[in-house]
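Me: I am new to this structure. Please choose a single part of it, look at it closely, and then tell me what lies around it.

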Amino acid sequence: MNLQQLRYFSALAETGHFGHAAKKLFITQPALSNSISKLENELGFSLFERTKEGVRLTPFGAEFNKHIAIALREIDEATHIMGPDAIKYSPTIRIGMVASVQNDFLPRLLTEYTKATQKIIDFDMHEERTTFQCSRDMNDDLIDLAFCGFIPREESLCWVPVCAQNACIAVNADHPLAGHKSVSLKELGSYPLISYRDNSYIHYSIGRLLQEYGLSFTQAFNIEINGAARVLADARVVAVMLDAVEGSIRDHICIIPIKELPGPFHMVGMTYRNDIQHSADVVSFIDYVKERHADLRDVPFYEERYHNLY
């Protein structure tokens, strides 16, 4: 018996419905059912019985629930009053991430997770320069999971799409293209182009895209914010990159959509190893992210055509 099982039991006792409880817990119904079955087997008696509407507590379950409700309240209270020492006893999830999700996507996701689950987690954040570094750190067991680009040819890694990103061009406000609502790649041949360096994952798909239109570029940056800085410093160049620039610098450059790419170009995903046993807290977080971003599973993105090239 563990704390997670008791919280799952409490949620099911409160809702009286496996589907509603699973949604509240941000886990799948089979995961919840399996957890309750294990708890009942360990206790030696049934906690719930089926009804037309869902489930209800058995007499044993009702008595068990009285004590568990008190115990969970005491545990939550003890956790909150520990003050500075609380982090020492909090479960840790080690997260790697690329730059494009650091300013908005990931902080929002972690905030919503803690609010939804009421869990106190020590999120150990690891800033990675590239998707390839995320892969290496997971294989070296330095992180539990990562938010990064698609990692090809890694049978031990699972990848779940969580954030769609469009390709764009970025130019200085004094550049001739600055006033355009959108730009065709066919219009870029007369301008010096810059884009990602070859130690960046996105370099290869952007490079192949530009090659298809007979365009060449200079390797000039690894992350989008540095591409924006180059554009801000040099009014001659056009940066071809992902539309992932956040903060005040965005107000001082022009981000212009590409006509040939009206939909998502790149997808950031959550990546984790499937050949090791993760802690219950890591599994819970993974399940939450999967459920929250289930609508992106079948969304096509332009970069997919290049996956076999990496």
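Reply: Two strands are counted as paired if DSSP finds at least two bridges between them. By that rule β3 and β5 are paired, since three bridges join them. The two strands run parallel. The model is a predicted one, and the part chosen here is the sheet that holds this pair.

The sheet is open and has five strands, in the order β4-β3-β5-β12-β6. Its pairing is mixed. At the edges are β4, residues 122–127, and β6, residues 157–165, each of which pairs on one side only. On average, neighbouring strands are turned by 20° against each other, with direction ignored. Strands of a sheet are held in pairs by hydrogen bonds of the backbone, in a parallel or an antiparallel sense.

Reading along the order from the β4 end, the pair to begin with is β4 and β3. Strand β3 covers residues 92–97 and is joined to β4 by six bridges, the two running parallel. Within this pair, I93 has F123 of β4 as its bridge partner. On the β5 side, M97 is bridged to F147. The next pair is β5 and β12, which is antiparallel and has four bridges. Here A146 is matched with T271 of β12.

Strand β5 consists of residues 145–148. In a regular strand, side chains alternate between the two faces of the sheet. In β5, L145 and F147 point one way, while A146 and C148 point the other way. Are these four residues buried or exposed? All of them are buried.

Two helices lie against these strands. Helix α5, residues 105–117, lies across β3, β4, β5 and β6, and runs at about 170° to β4. Helix α6, residues 131–139, packs on the sheet and touches β3, β5, β6 and β12. The direction of α6 makes about 175° with that of β5. Strand β12 itself covers residues 266–273.

The next topic is enclosed space. Rolling a probe the size of a water molecule over the atoms shows where space is left empty. How many cavities of 30 Å³ or more does a search of the whole structure find? The search finds two. The largest has a volume of about 180 Å³. It is lined by 19 residues, and those closest to its centre are V98, S100, T131, S200 and E224. T131 belongs to α6, the helix that packs on the sheet. By class, this lining is made of nine nonpolar, eight polar and two charged residues.

The second largest cavity holds about 30 Å³ of space. Its lining is R94, M138, D141, I143, D144, R273, I276 and H278. Among these, R94 falls in β3, while M138 falls in α6 and R273 in β12. Four residues of this lining are charged, three are nonpolar and one is polar.

Two further residues extend the picture beyond the sheet. N226 is in helix α8, residues 224–233, and E224 from the lining of the largest cavity is in the range of that helix too. N226 is partly exposed, because its relative accessible area is 35%. The C-alpha atoms of N226 and D295 are 31 Å apart, with their positions 69 residues apart along the chain. S35 is in helix α3, residues 29–43. S35 counts as buried because its relative accessibility is 8%, which is under the cut-off of 20%. Apart from neighbours within four places in sequence, S35 is in contact with Q5 and Y8.

Terms used:
Residues numbered from 1 in each chain as written. Predicted model: local features only at pLDDT ≥ 70, side-chain atom pairs only at ≥ 80, totals over all residues. Heavy atoms only, no water. Axes fitted to C-alpha atoms, helices over the stretch in contact; angles between N-to-C directions. Contact = heavy atoms within 4.5 Å. Buried < 20%, exposed > 50% of the residue type's maximum accessible area, 1.4 Å probe, protein only. 1 Å grid on protein atoms, 1.4 Å probe; cavity = no way out; pocket = protein on both sides within 12 Å on 5 of 7 lines; lining within 4 Å. Points joined across faces, edges and corners; volume = space filled by probe spheres on them. Nonpolar A, V, L, I, M, F, W, Y, C, P; charged D, E, K, R; others polar.
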